[in-house]
Amino acid sequence: MVKPNATRALAIAAATGLLGAAAFAVHELAHHLLRREGAALLGPVSKVIVLALFALLLVLACRHLCMLGLAAWDHWMSVAIEAEHAGRLPSVSIIVPAYNEATMIGTVLKSLLAIDYPNFEIVVVDDGSSDRTYLHALPYQRRRPDVECRVLAKPNGGKFDALNHGIAHARGEFVVCIDGDSMVHPQALRHCIARFADPRVGAVAGNVRVANRGSPWSAMQALEYVAGYGLAKRAQSAAGVVSIVPGPLGAFRKSALAAVQGYDGDSYAEDFDLTVKLLGAGWHVVYEPRAIVFTEAPERTLELLRQRYRWTRGSLQALRKRRHRLFSPRRSPLRFVALWYLGAEHLALPALHIGAQLLFVGGGLLFDLHPVLVCWWLQLIVLECAVLTFCVAIEDESPWLLALSPLFRAVYMVVLDAARLLAAAEEFAAVGMSWDKVARLGRLKVQS
């Protein structure tokens, strides 16, 4: 019988072979078209569109290749980090902010009590829930004699306030913040804390994975998370500038949190805002792929779009708070570059994707563009599929996700980019909004 890891390796190898064949076929097709048809017959408008589209595709391709190189570098350079930390297991406080999490809080606490780490406590903060969250959490205070689990209750003040309340009551040297619907892997805490062996590290981003993959949208989100963490997070981690410590699992040096005065409540993306504050204060923020946490993803189109709408607007709110630093490179060159990079990620990149799509489709319909454009576009799709294959392999994820790769780029990311641009337009127009909590589906189970 073929072992599961061998089966996975064969599947990855087969996908790589198919991508190689596809790349060769597209290259030969482009070469054939260029030999058969020149560009001399194109009109002036068509030539402008061709050149503009070529430039857009070239920028996207260069971005993929640069991030791929950084991600690979981070993977190979971080293998021995845990060995450097051997022997030291400092105290850790796990903070769980909970608002109307009665259906999930018991399952979440079971997963936390199963963590393999000798020196930690759990602090549950019931943020004025209107359901039975507090009563469902109370029985877990005495489930494990060597782990103190405290359940605190406070009036509703928002997630940021609940997190700050928990941090204020934390007794550990390090703080781990998780969402009320997150299932933490038993070994996640050890891997997170190992990264703090470097005194420059102020925060560690965990590896968020989608647990519910039964619907098309949730399966696409699973692939999106794999791509985001396997490529972007690893590339950023190579320089110690991970742009966001995710809500489902983020570890912090308590002294670093104190230095930046914890979470702020003036944006709808408190995790992004805190990460930017830590980076601005000079702390390194890294990614730990072995610190796995499972979360639920929205399964309905409207809920997914509402979630991304809030994330985008919250991120832009955090950047607008620091807009005066966008034009002061001398005060902090690193912060200046980082803020422009984050702004480009949230605004320029979605605009680039949508602009390229519109130029490609609109130009093809209105003008008789050169057929080699199709080959350029196919080459970019093949490159992106190759990047996704790298991410699935390096993140040790299911190869079946690769079957979604073409649809992921051609449909899913276009929909998300359009939602991000709409959210950005409404943010700059100061359209009112409120916190939109995604409904819990109860799909999570304790991971072993």
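**Figure 1. Overview of the protein chain in a predicted model.** Among contacts in the protein chain between residues at least 6 apart in sequence, 84% join residues at least 24 apart. The structure shown is a predicted model. Its protein chain holds 14 helices and eight strands. Of the 448 residues, 51% count as buried. Salt bridges number 27. Several of these pairs appear in the close-ups that follow.

**Figure 2. A salt bridge between strands β3 and β2.** The side chains of Arg150 and Glu121 form a salt bridge, with 2.8 Å from N to O. Arg150 sits in strand β3, which covers residues 148-154. Glu121 sits in strand β2, which covers residues 120-127. The two residues are 29 residues apart, and the pair links distant parts of the chain. Arg150 and Glu121 are both buried.

**Figure 3. Arg313 and Glu427 join helix α11 to helix α14.** A salt bridge connects Arg313 with Glu427. Their closest N and O atoms are 2.8 Å apart. Arg313 belongs to helix α11 (residues 301-320) and Glu427 to helix α14 (residues 405-428), so the salt bridge ties together parts that are 114 residues apart in sequence. Arg313 is buried, and Glu427 is buried too.

**Figure 4. Arg409 of helix α14 pairs with Glu384 of helix α13.** Their side chains meet in a salt bridge, 2.8 Å from N to O. Helix α13 covers residues 372-394. Arg409 and Glu384 are 25 residues apart, and they link distant parts of the chain. Are these two residues buried or exposed? The cut-off for buried is under 20% relative accessible area. Arg409 has a relative accessible area of 11%, so Arg409 is buried. Glu384 has 6% relative accessibility, so Glu384 counts as buried.

**Figure 5. A network of salt bridges.** This view shows six side chains by name: Asp264, Asp266, Asp273, Lys277, Lys321 and Arg322. Salt bridges link these residues in a network.

**Figure 6. Ala419 in helix α14.** Ala419 lies in helix α14. Its relative accessibility is 12%, so Ala419 counts as buried. Now find Pro350. Ala419 and Pro350 are 69 residues apart along the chain. Their C-alpha atoms are separated by 9.3 Å.

**Figure 7. Helix α8, with a bend at Tyr229.** Helix α8 runs over residues 216-237 and has 22 residues. How far should the 22 residues of α8 span? At 1.5 Å a residue, the expected value is 32 Å. The end C-alpha atoms are 30 Å apart, which agrees. At Tyr229, α8 bends by about 30°. The helix is mostly covered, with 19 of its 22 residues buried.

**Figure 8. Where helix α8 meets helix α11.** The axes of α8 and α11 come within 10 Å. They cross at roughly 35°. Which residues in α8 meet α11? On the α8 side they are Trp217, Gln221, Glu224 and Tyr225. On the α11 side they are Thr301, Leu304, Gln307, Arg308 and Trp311. By class, this contact has four nonpolar, three polar and two charged residues. Helix α11 also appears in Figure 3, where its residue Arg313 pairs with Glu427 of α14.

Note on methods
Residues are numbered from 1 along each chain as its sequence is written. This is a predicted model: local features need pLDDT of at least 70, side-chain atom pairs count only at pLDDT 80 or more; totals for chains, interfaces and linings use all residues. Side-chain values use heavy atoms; hydrogens and water are left out. A salt bridge is a side-chain nitrogen of Lys or Arg within 4 Å of a carboxyl oxygen of Asp or Glu. Helices (H or I, at least four residues) and strands (E, at least two) are DSSP runs, numbered from the N terminus. Buried means under 20% relative accessible area, exposed over 50%, partly exposed in between (1.4 Å probe, protein chains only). The expected span of a helix is 1.5 Å times one less than its number of residues. The bend at a residue is the angle between axes fitted to the seven residues ending there and the seven starting there. Axes are lines fitted to C-alpha atoms, for helices over the stretch in contact, and angles run from 0 to 180 degrees between N-to-C directions. Contact means heavy atoms within 4.5 Å. Ala, Val, Leu, Ile, Met, Phe, Trp, Tyr, Cys and Pro count as nonpolar, Asp, Glu, Lys and Arg as charged, and the others, Gly among them, as polar.
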